[in-house]
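Work through the exercises below with the sequence and coordinates open. Each task is followed by a stepwise solution.

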Amino acid sequence: MPDLFAYTDGACSGNPGPGGWGVLLIAREGEAVVKTRELSGGEAMTTNNRMELLAAISALETLRRPTVLTIVTDSAYVNNGVTQWIHGWKRNGWRTSGRDPVKNVDLWQRLDAAQALHRVTWAWIKGHAGHAENEKADELARAGMAPYKKGAT
């Protein structure tokens, strides 16, 4: 059975502003790429963090049956949120340790539900550091944002 990787990224022009998200799904057997799939989308008025979250959510929601996969993100916000902070947020009724409402709670709850269907390993990599799959996810995110930027036709 191939190993599945989802490389995710978000982009925003202004923060808030028009934004996009991108996902590069790769199935590998050893070093060989068996299959790839590209996903992207965007919104007219959003934030970079929301786009980073939507990329991960979209990767998970596109999988129709329970899957074992690794999600690779360059977002410390997403990686730390899903591997560390979310447990406390849930215990605190979706409030931070300072008792403030969690920002982007709608997307965090959606991500929590989406990942519950799968066995997910989360990995963080440095963005814009020449990692080919991350660069492709960034390209997809920028393409998802393009229709929402001023002057787009």
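**Exercise 1. The sheet**

Task: Give the strand order of the open sheet of five strands, and state which strands stand at the edges.

Solution.
Step 1. Start with the order. In this predicted model, the five strands of an open sheet run E3-E2-E1-E4-E5, and the pairing is mixed.
Step 2. Find the ends of that order. Strand E3 (32–46) and strand E5 (119–124) are the edge strands; each has a single partner, so one side of each has no neighbour in the sheet.
Step 3. Add the twist. With direction ignored, neighbouring strands of this sheet are turned by 20° against each other on average.
Step 4. Look at one pair. Strand E1 (residues 3–12) and strand E2 (residues 17–29) run antiparallel, joined by 10 bridges. Cysteine 12 has glycine 19, in E2, as its bridge partner.
Step 5. Place the helix. Helix H4 (residues 132–145) packs on the sheet and touches E1, E2 and E3. The direction of H4 makes about 140° with that of E2.

**Exercise 2. Aspartate 3**

Task: Locate aspartate 3 and list what is in contact with aspartate 3, leaving aside neighbours within four places in sequence.

Solution.
Step 1. Aspartate 3 lies in strand E1.
Step 2. Check accessibility. The relative accessible area of aspartate 3 is 45%, so this residue is partly exposed.
Step 3. Collect contacts. Beyond the neighbours within four places in sequence, aspartate 3 touches Ile26, Ala27 and Arg28.
Step 4. Take a sequence-distant reference. Alanine 116 is 113 residues from aspartate 3 in sequence, and their C-alpha atoms are 19 Å apart.

**Exercise 3. Salt bridges**

Task: How many salt bridges does the structure hold? Trace the network that joins Glu38, Lys136 and Glu139.

Solution.
Step 1. Take the total: seven salt bridges.
Step 2. Start at glutamate 38. The side chain of glutamate 38 meets that of lysine 136 in a salt bridge, at 3.6 Å, N to O. This pair links distant parts of the chain: glutamate 38 sits in strand E3 and lysine 136 in helix H4, 98 residues apart.
Step 3. Extend from lysine 136. Glutamate 139 also forms a salt bridge with lysine 136, with the closest N and O atoms 3.0 Å apart. The two are three residues apart in helix H4, so about one helical turn separates them.
Step 4. Join the pieces. Shared partners put Glu38, Lys136 and Glu139 into one salt-bridge network.
Step 5. Check exposure. Partly exposed means from 20% to 50% relative accessible area. Glutamate 38 is partly exposed at 45%, lysine 136 at 24% and glutamate 139 at 41%.
Step 6. Turn to another pair. Glutamate 61 and arginine 110 form a salt bridge, their closest N and O atoms 2.8 Å apart. Glutamate 61 is in helix H1 (residues 48–61) and arginine 110 in helix H3 (residues 105–116), 49 residues apart. Glutamate 61 is partly exposed at 41%, and arginine 110 is partly exposed at 35%.

**Exercise 4. Nonpolar cores**

Task: Which elements give two or more residues to the largest nonpolar core, and which gives the most?

Solution.
Step 1. Recall the principle. Nonpolar side chains in soluble globular proteins tend to be buried together.
Step 2. Size the core. The largest one has 31 residues; Val23, Leu69, Trp108, Leu111 and Trp122 have the most contacts inside it.
Step 3. Assign elements. Two or more residues come from each of E1, E2, H1, strand E4 (68–73), helix H2 (76–91), H3 and E5. H1 gives the most, with eight residues.
Step 4. Separate the second core. This core has seven residues, including Leu24, Ile26, Val72 and Ala137.
Step 5. Inspect tryptophan 108. Leaving aside neighbours within four places in sequence, the contacts of tryptophan 108 include Leu53, Trp94, Val102 and Lys103.

**Exercise 5. Helix packing**

Task: Are H2 and H3 roughly parallel or roughly perpendicular to each other?

Solution.
Step 1. Get the geometry. H2 and H3 pack at about 95°, and their axes are 11 Å apart.
Step 2. Apply the cut-off. Angles of 65 to 115 degrees count as roughly perpendicular, so H2 and H3 are roughly perpendicular to each other.
Step 3. List the interface. Tyr77, Val78, Gly81, Val82, Ile86, Trp89 and Lys90 in H2 meet Trp108, Leu111, Asp112 and Gln115 in H3.

Terms used
Residues numbered from 1 in each chain as written. Predicted model: local features only at pLDDT ≥ 70, side-chain atom pairs only at ≥ 80, totals over all residues. Heavy atoms only, no water. Pairing = 2+ DSSP bridges. Helix = DSSP H or I, 4+ residues; strand = E, 2+ residues; numbered from the N terminus. Axes fitted to C-alpha atoms, helices over the stretch in contact; angles between N-to-C directions. Contact = heavy atoms within 4.5 Å. Salt bridge = Lys/Arg side-chain N within 4 Å of Asp/Glu carboxyl O. Buried < 20%, exposed > 50% of the residue type's maximum accessible area, 1.4 Å probe, protein only. Core = buried A, V, L, I, M, F, W, Y, C linked by side-chain atoms within 4.5 Å. Parallel < 35°, antiparallel > 145°, perpendicular 65-115°, else oblique.
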